[in-house]
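Subject: Structure handover

Hi,

Here is the structure I promised to pass on. Please open it next to this email and keep it in view as you read.

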Amino acid sequence: MSHSRHLSVHVDRPVDEVYSYLCDPSRLSEWAAGVSPDVEVRFAPPNPYGVADHDVSLPDGTVISVPLRVLPDGDGAEVVFTLRRAPGADDAAFEADDTAVRTDLETLRQRLEGS
């Protein structure tokens with residue numbers, strides 16, 4: 001069993017708009033700093049439930065599965081990212097990943113809200 005942490009951000013935009021933007025692989029570089037051009041990202045098929053799970057395939061063949069959800073939250077949306085500790089990662093590496101994901105989520109919020 002891996003150690004997981006749920007990180008979230010509220011986005012003051014309609015949930016369908018947030019979901020569409022988030023699941024568009026061509027927009028990832030606009031908000032997800034950790035996704036470089038040499039990785040492949042495959043999202044779950046479009047669905048009405050806000051499931052934006054995706055696999056990230058690294059150049060060495062490693063595949064990382066990322067649970068991601070876009071949930072209705074009033075007139076806006078809550079984006080929930082499940083951060084899983086990488087095998088062999090120490091506490092410092094896990095906290096660095098946490099910081100990076102929180103930064104990406106804040107960038108996503110700012111992009112979508114136009115701030």
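Below are my notes on the pocket, one helix and a few single residues.

Keep in mind that this is a predicted model.

**The pocket**

Start with the largest pocket. It holds about 790 Å³ of space. Its lining is made of 28 residues. Closest to the centre are Ile64, Val66, Phe81, Leu83 and Val101. By type, the lining divides into 19 nonpolar, five polar and four charged residues.

Several elements build this wall. Helix H2 (28–31) and helix H3 (91–113) each give at least two residues. So do three strands: S3 (54–57), S4 (63–66) and S6 (76–84). H3 makes the largest share, with five residues.

**Helix H3**

H3 deserves its own look. The helix has 23 residues. From first C-alpha to last it reaches 33 Å, close to the 33 Å expected at 1.5 Å a residue.

At the start of H3, look at aspartate 90. One of its side-chain oxygens comes to within 3.2 Å of the backbone nitrogen of alanine 92. After the helix comes glycine 114, with a positive phi near 75°.

Which residues of H3 are buried? They are Phe94, Asp98, Val101, Asp104, Leu105, Leu108, Arg109 and Leu112. An α-helix has 3.6 residues a turn, so residues three or four places apart point the same way. The buried residues of H3 pack against strand S1 (4–11), helix H1 (15–22), H2 and S6. Val101 is thus on two lists: it is buried in H3, and it is among the residues closest to the pocket centre.

**Strand S3 and its surroundings**

Two residues of S3 are worth a visit: histidine 54 and serine 57.

Histidine 54 counts as buried because its relative accessibility is 12%, and the cut-off is under 20%. Leaving aside neighbours within four places in sequence, histidine 54 is in contact with Val41, Arg42, Phe43, Ile64, Ser65, Val66 and Leu68. Ile64 and Val66 also appear among the residues closest to the pocket centre. The C-alpha atoms of histidine 54 and leucine 68 are 7.5 Å apart, with their positions 14 residues apart in sequence. There is a polar contact to check as well. A polar atom of the histidine 54 side chain lies 3.1 Å from the backbone oxygen of alanine 52.

Serine 57 is buried too, with a relative accessible area of 14%. Not counting residues up to four places away in sequence, serine 57 touches Val39, Glu40, Arg42, Thr62 and Val63.

**Two loop residues**

Valine 39 sits in the loop between H2 and strand S2 (40–43). Is valine 39 buried or exposed? It counts as buried because its relative accessibility is 17%. Beyond its neighbours within four places in sequence, valine 39 is in contact with Val56, Ser57, Leu58 and Pro59. Aspartate 75 is 36 residues from valine 39 along the chain, and 34 Å separates their C-alpha atoms.

Alanine 86 lies in another loop, between S6 and H3. At 34% relative accessibility, alanine 86 counts as partly exposed, because that class runs between 20% and 50%. Alanine 86 and serine 8 are 78 residues apart in sequence. Their C-alpha atoms are 19 Å apart in space.

That is the full set of notes. Over to you.

Best wishes

Note on methods: Residues are numbered from 1 along each chain as its sequence is written. This is a predicted model: local features need pLDDT of at least 70, side-chain atom pairs count only at pLDDT 80 or more; totals for chains, interfaces and linings use all residues. Side-chain values use heavy atoms; hydrogens and water are left out. On a 1 Å grid over the protein atoms alone, a cavity is a set of points where a 1.4 Å probe fits but cannot get out, and a pocket is an open set with protein on both sides within 12 Å along at least five of seven lines; lining residues have an atom within 4 Å of a point. Grid points are joined across faces, edges and corners, and a volume is the space filled by probe spheres set on the points. Helices (H or I, at least four residues) and strands (E, at least two) are DSSP runs, numbered from the N terminus. Ala, Val, Leu, Ile, Met, Phe, Trp, Tyr, Cys and Pro count as nonpolar, Asp, Glu, Lys and Arg as charged, and the others, Gly among them, as polar. The expected span of a helix is 1.5 Å times one less than its number of residues. Buried means under 20% relative accessible area, exposed over 50%, partly exposed in between (1.4 Å probe, protein chains only). Contact means heavy atoms within 4.5 Å. A polar contact is a pair of N or O atoms within 3.5 Å; within protein, one must be able to donate a hydrogen and the other to accept it, and residues adjacent in sequence count only if both atoms are side-chain atoms.
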